[in-house]
Each structure stands twice: as C-alpha cells, then as structure tokens.
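Q: Please take a close look at a single part of this structure and explain what can be said about its surface.

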Amino acid sequence: MGLSVLGELPALPLHEAGKYVAGAYIVLFALVLTYLAIMAIRLSRIERELGELLERSNEQPPAAPGRDATQRESTLA
C-alpha cells in the first residue's frame with residue numbers, strides 16, 4: 001500500500017529538491033556536532049572528578065582493619 005502511494009506522487013524537480021537535501025544534511029551535521037560537544041563536556045567533567053578522587057585517595061592513608069573513621073581522624077590530629 002505504501003509503495004503505491006509513493007508511485008502516484010509526482011517527483012520534485014532536481015533544482016527544488018536540492019535545497020531540501022542540503023537542508024537535511026545541515027540539520028544532521030548540526031545534530032551530530034551538538035552531540036559531540038555534549039559528550040566532550042561530559043567526558044571532561046568525568047575526568048576532572050576522577051582526578052579529584054585520585055587526589056583524595058592519595059592524601060588519606062588507608063584505614064587499618066578494625067578501626068573506624070573516628071579513631072583514624074583522632075590519630076591524624
């Protein structure tokens with residue numbers, strides 16, 4: 001049924017269709033560019049947070065088994 005409807009529609013002349021094709025490519029390119037920008041922002045944020053966590057883990061000595069956080073803080077002071 002869908003093919004018969006498409007067969008009855010008149011074809012656009014090439015000089016008119018070219019504008020629509022170019023517009024579609026521009027919109028697609030803009031969407032891909034926006035997606036890549038969003039992913040780059042997210043990646044930089046994740047890398048920054050990962051670096052902060054790495055710095056925190058290097059600053060604090062590992063807790064000994066059987067000692068809770070309050071005992072470790074009292075020994076650091």
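The answer below concerns one helix and the patches to which its residues belong.

A: The model is predicted, and it is useful to begin with the setting of the helix in question. The chain has three helices and zero strands, and its elements run α-α-α from the N terminus on. Helix α2 covers residues 14-59. In the chain, confidence is highest in α2, at a mean of 93, and lowest in helix α3 (residues 69-76), at 58. For the chain as a whole, the average pLDDT is 81, and 64% of the residues score at least 70.

Two residues of helix α2 lead to two surface patches. Met39 lies in helix α2, and it belongs to a nonpolar patch on the surface. The other members of this patch are Val21, Tyr25, Leu28, Val32, Tyr35, Leu36 and Ile38. Together with Met39, they have about 790 Å² of accessible area. Met39 itself counts as partly exposed because its relative accessibility is 31%, and this class lies between the limits of 20% and 50%.

Glu49 is also found in helix α2. On the surface, Glu49 gathers with Glu52, Glu55 and Glu59 in a patch of negative charge. Glu49 has a relative accessibility of 39%, and therefore it too counts as partly exposed.

The wider chain gives the context for these patches. Buried residues make up 1% of its 77 residues. The chain exposes about 7,300 Å², of which carbon and sulfur atoms supply 67%.

Notes:
Residues numbered from 1 in each chain as written. Predicted model: local features only at pLDDT ≥ 70, side-chain atom pairs only at ≥ 80, totals over all residues. Heavy atoms only, no water. Patch = residues over 30% accessible without salt bridge, like charges linked within 9 Å, V, L, I, M, F, W, Y side chains within 5 Å. Areas by Shrake-Rupley, 256 points an atom, 1.4 Å probe, with all protein chains shown as cover. Salt bridge = Lys/Arg side-chain N within 4 Å of Asp/Glu carboxyl O. Lys, Arg positive; Asp, Glu negative; His and termini not counted. Charge placed at Lys NZ, Arg CZ, Asp CG, Glu CD. Helix = DSSP H or I, 4+ residues; strand = E, 2+ residues; numbered from the N terminus. Buried < 20%, exposed > 50% of the residue type's maximum accessible area, 1.4 Å probe, protein only. pLDDT = per-residue confidence, 0-100.
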